[in-house]
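Biologist: Please take one edge of the sheet and walk me through it closely. I would like to see how the strands there fit together.

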Amino acid sequence: GGRNQLEQKLSQTMHHPSLSIRSSISLSKAPWLILPGHTKAHSDRSDMMTREVSMDLKTRLSRLQARTGNPGTVAAPQSVTPHLRRRLAMLHPERVHTRRASTNGPVTVAALADTLGGERISDGVIRIHRHIPLTGKLGAIDLAALCPDPVLPGENGTRRLRHVYIDTETTGLSGGSGTLAFLIGIAVIGDDDIALTQFLLTSFGAEAAMLSAFAETLSADDRLVSYNGKSYDLPLLLTRFRMQGLSQSFDGLPHLDLLHPVRRLFGSRWHDCRLLTLEQNLLGFSRVDDLPGSEAPMAWFDYVRAGHAERLVRVVGHNRQDIISLAVAHRVLAQAIQQPRPCDMDLPALARWLAEHDETGARELLEAYVNGLCADGRRLLGVFYRRSGDWARAIAIWEGLAATGCTDSRERLAKYHE
């Protein structure tokens, strides 16, 4: 009686819907499992019940597979790639666009040279040469009206030199021995055009050839003009020449870093003195669809590693615009110094710069704008009057400033009356 109850209970348990596959397998693969009091017949009956359970499970699985619409297979989870792409497109649309465009396949060096309008001068080096006519306008600047020989304060001896405007694009912004210049651009302004030459490196092994080609374009009668070149571009180029074991002669050439006078004259007027800010405030020019210089390293690596050239072509255009803006800004700045008020120049800063070479000219500049001078400008004019012995005008300025609470002017008046 006890055995019958046990068999009935076991049968109910094995036919219960919650019975797992693992349970049926464990029972079927355990011939040694004989319940107390069972005989061989009892064991055969257990095997039969196990097979019935397995058949029942197969039937249930077949029904579930039929509901999925794909009999015999388990439905694969839906891919999340489209969702991730949509999210990336929202965060960095320009990067997603570039990656899609790059699926057209790698671009050969010959095809890249043809796209840029350049020529291969050696394995891994493309030279791009253009003549840009001095016609039309760059922003608000009439290119045909640019002064032919820009002269900044203290530069009377530089007229005989050829101005060579230079800018580089590099594999990093931190400098160091691991950073190289993959694009070197130079420009010379002639009577009616700008002669622009760019050297583009397309493989690491061709760096020496590119540097040599660049060095051949310079002569002893040149003067380099850059924007932050004294702190970055030229030191980096010198490092690369040394690491390649090449001789160079441009280290001894005169060098004007235009960033320094721009900071001097506009540092208190503009929120920063980047080249883009100079273009907007001094040239009245804003770039459209320009690739930021910070993306230039990755654009070059994309081409070297995978042949993707779309962004690299834009880097060449960015470098070309940098050089053109630099050359035009040099001439515009020289003209603005003659008439500083329209461009909101810092007059006291300009007067101090002029005074280093011509104090009379600096005093005359401040006298021409005396009605609009700030307190700093009037104090400086008072100093010029004192140095020239014009005490009456100096005292008049000091008395006016002392009435407004200027401590320095009060001290000068006290010393004068002693």
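Modeller: Start with E119, which stands opposite R127 in β2. Keep in mind that this is a predicted model. A second facing pair is S122 and V125, the latter again in β2. In total, three bridges join β1 to β2, and the two strands run antiparallel. Strand β2 covers residues 125–133.

Now look at the turn. β1 and β2 form a hairpin with two residues between the strands. There, G124 takes a positive phi near 95 degrees.

Next, follow β2 to its other partner. Nine bridges join β2 to β7, and this pair is antiparallel too. One example is I132 in β2, whose bridge partner in β7 is I194.

Step back to the whole sheet. It is open and has seven strands, in the order β1-β2-β7-β6-β5-β8-β9. The pairing is mixed. β1 (119–122) is an edge strand, and so is β9 (255–257); each pairs on one side only. On average, neighbouring strands are turned by 25 degrees against each other, direction ignored.

Finally, a helix packs on this sheet: α11, residues 296–306. Helix α11 touches β5 (162–170), β6 (181–189) and β7 (193–201). The direction of α11 makes about 115 degrees with that of β6. So β7 has two roles in this picture: β7 is bridged to β2, and β7 is touched by α11.

As you trace any strand, one rule helps. In a regular strand, side chains alternate between the two faces of the sheet.

Note on methods. Residues numbered from 1 in each chain as written. Predicted model: local features only at pLDDT ≥ 70, side-chain atom pairs only at ≥ 80, totals over all residues. Heavy atoms only, no water. Pairing = 2+ DSSP bridges. Helix = DSSP H or I, 4+ residues; strand = E, 2+ residues; numbered from the N terminus. Axes fitted to C-alpha atoms, helices over the stretch in contact; angles between N-to-C directions. Contact = heavy atoms within 4.5 Å.
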